[in-house]
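Here is my note on the model, written for someone opening it for the first time. Please keep the structure in view while reading.

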Amino acid sequence: MSEPRQVVIIGAGVAGLTSALTLLTNSSDTVKVTVLEAASTVGGQIRTTPFAGLSIDEGPDAFLARVPWATQLASELGLGASMTSPTDAHASIWHNGLHNIPGDLMLGVPAKVRAFATSGLISPLGKLRAAIEPLLPATTDTDSIGEYVRSRFGNQIQERLVDPLIGSIYAADSDNFSMAAVPQIASLTASRSMLLAAGKARAAAAKNPAGPIFATPKRGIGALIELLTQRVTALGGHILTGESVSAIEKENTGYTVFTSRGQHRADAIVIASPAKPSSNFVRPLDTRAADLLGQWSHASVVLITMAIPASQWPARLKGSGYLVPKPDQRWVSAASFGSNKWAHWRPDDGSMILRVSLGRDGLEVLHFDNDKLINLALADMKLHLGVDMTPSEIRVSRWAESFPQYRPHHFARLAELEHSLGSAAPGIVFAGASYRGIGIPACVQQARAAADATLSHLATLHS
Ligand SMILES: Cc1cc2nc3c(=O)[nH]c(=O)nc-3n(C[C@H](O)[C@H](O)[C@H](O)COP(=O)(O)OP(=O)(O)OC[C@H]3O[C@@H](n4cnc5c(N)ncnc54)[C@H](O)[C@@H]3O)c2cc1C
């Protein structure tokens, strides 16, 4: 009998843990899997902790359910019956007051003229400019979302609809973000008019009404990590925390992975850690790949969770929250009225759970201390909502360099990276938010593909 092959996975976020689960499930006892995690806990950006007597997420609070990957993982982990979806409370955009986000949009791109014609968000001149979009010649030669949308619809649609919606998902400045990295937007550029393409896409979607757009486990997204960890361990995988990978070196057969605590032999490696920190440990293998990884940008955000006593919360604020367009932003980029958005986030005393986001690509906030951040958030909300609030409970979650920024031509850089490392170090693959899609479903999809590619590589090795 031949010795089992050794696979090392770097990073125990959702991408690393799902890679481990997939490898162990598909390889029985022919593969040994070790996950190395630098932090003292697993989960990466997924964290659910007690707040106001409930379990409230500190990072993501839901995943997209219109694509299959995260939903399938949740079912595989036995979470199917305990999933829930947001209420039908409406989200708004703040521009000198709250405006309902119009219907008939695709990630902010108008699918019908009425999406902007009747909205107070866009001025009469802005409406006229947007209305001529179907008559304009084709736009070519740009992978910047902002540049493309401005050329089609003018500045107001970009700044007051598209950028707030995309910016809130990616903590991005969509003028400096790759269109190819947002498939819903990229798919609208195949024909000359974005408005007509969006109209057709929405009409096609309406013929096949799908279920809710977002889903989450009732006890928080952290349930995914808890169950992944249990399953990986039960299948014989090893998850080691406090093991920061510092270098990978190539050996006659396979690799040695050096960490803050020791070293591990590997026949194949999945890099499921963010691009920038991965640059250092890849350098001994391939300086070009290390240089490329080092060039990735990551944006930092702060998420402040507050419990607002019922007596202070105005009854008129029934929506799920609001986004702030970049030109209107001071520090707050979005606020989620959590107890309106989620039926399971309602404390017994009737308090409102708020989650307020500060910072994005180009708007640094991490240098402020917690007291300052809380004061900035409360002052911005007073401006936006006209209410003085004194939270009964507050939690500040700092997410340093948490959102990878897919600059225009991101996928060309990724292809160069994978080509370079693939030649220098076969059997090493990437998975996770820095590479082929931000968000939990895209991380799960990449993890599945990384596990498949790893098993294919192991099959080529002689025993
Ligand atoms: C505030 C916030 C809100 C979000 N909201 C949503 C949402 O609503 N829906 C959604 O789908 N997505 C959301 N996201 C994005 C989503 O959470 C992430 O894209 C996803 O969790 C990333 O998973 P990952 O495994 O790729 O990376 P990570 O979770 O970043 O995990 C990578 C791991 O690698 C480890 N690591 C780094 N360097 C090393 C090293 N040298 N050695 C060993 N380990 C190392 C890190 O410690 C980390 O644990 C949000 C993110 C944030 C921050």
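The points below cover the domains, the ligand shell and one helix pair.

1. This is a predicted model: local features need pLDDT of at least 70, side-chain atom pairs count only at pLDDT 80 or more, and totals for chains, interfaces and linings use all residues. Residues are numbered from 1 along each chain as its sequence is written.

2. The chain divides into domain 1 (5-45 + 218-285 + 425-460), domain 2 (48-60 + 297-405) and domain 3 (101-207). These bounds come from an automatic or database domain assignment. The centres of domain 1 and domain 2, taken over C-alpha atoms, are 32 Å apart.

3. Domain 1 puts 13 residues in contact with twelve of domain 2. Contact means C-beta atoms, placed from the backbone, within 7 Å.

4. The ligand is surrounded by 36 residues, each with its C-beta atom, placed from the backbone, within 6 Å of the ligand. The closest are Gly11, Gly13, Gly44, Pro60 and Gly432. Domain 1 and domain 2 both give residues to this shell, so the ligand lies between them. Helix 1 gives the most, three residues.

5. The axes of helix 2 (residues 68-76) and helix 15 (residues 440-460) come within 7 Å and cross at roughly 75°. The two helices are therefore roughly perpendicular, a label for angles of 65 to 115 degrees. Axes are lines fitted to C-alpha atoms over the stretch in contact, with angles from 0 to 180 degrees between N-to-C directions. Helices are DSSP runs (H or I, at least four residues), numbered from the N terminus.

6. In this pair, Trp69, Ala70 and Leu73 of helix 2 meet Ile440, Pro441, Val444 and Gln445 of helix 15.

Conventions. Angles under 35 degrees count as roughly parallel, over 145 as roughly antiparallel, 65 to 115 as roughly perpendicular and the rest as oblique. Two residues are in contact if their C-beta atoms, placed from the backbone, lie within 7 Å.
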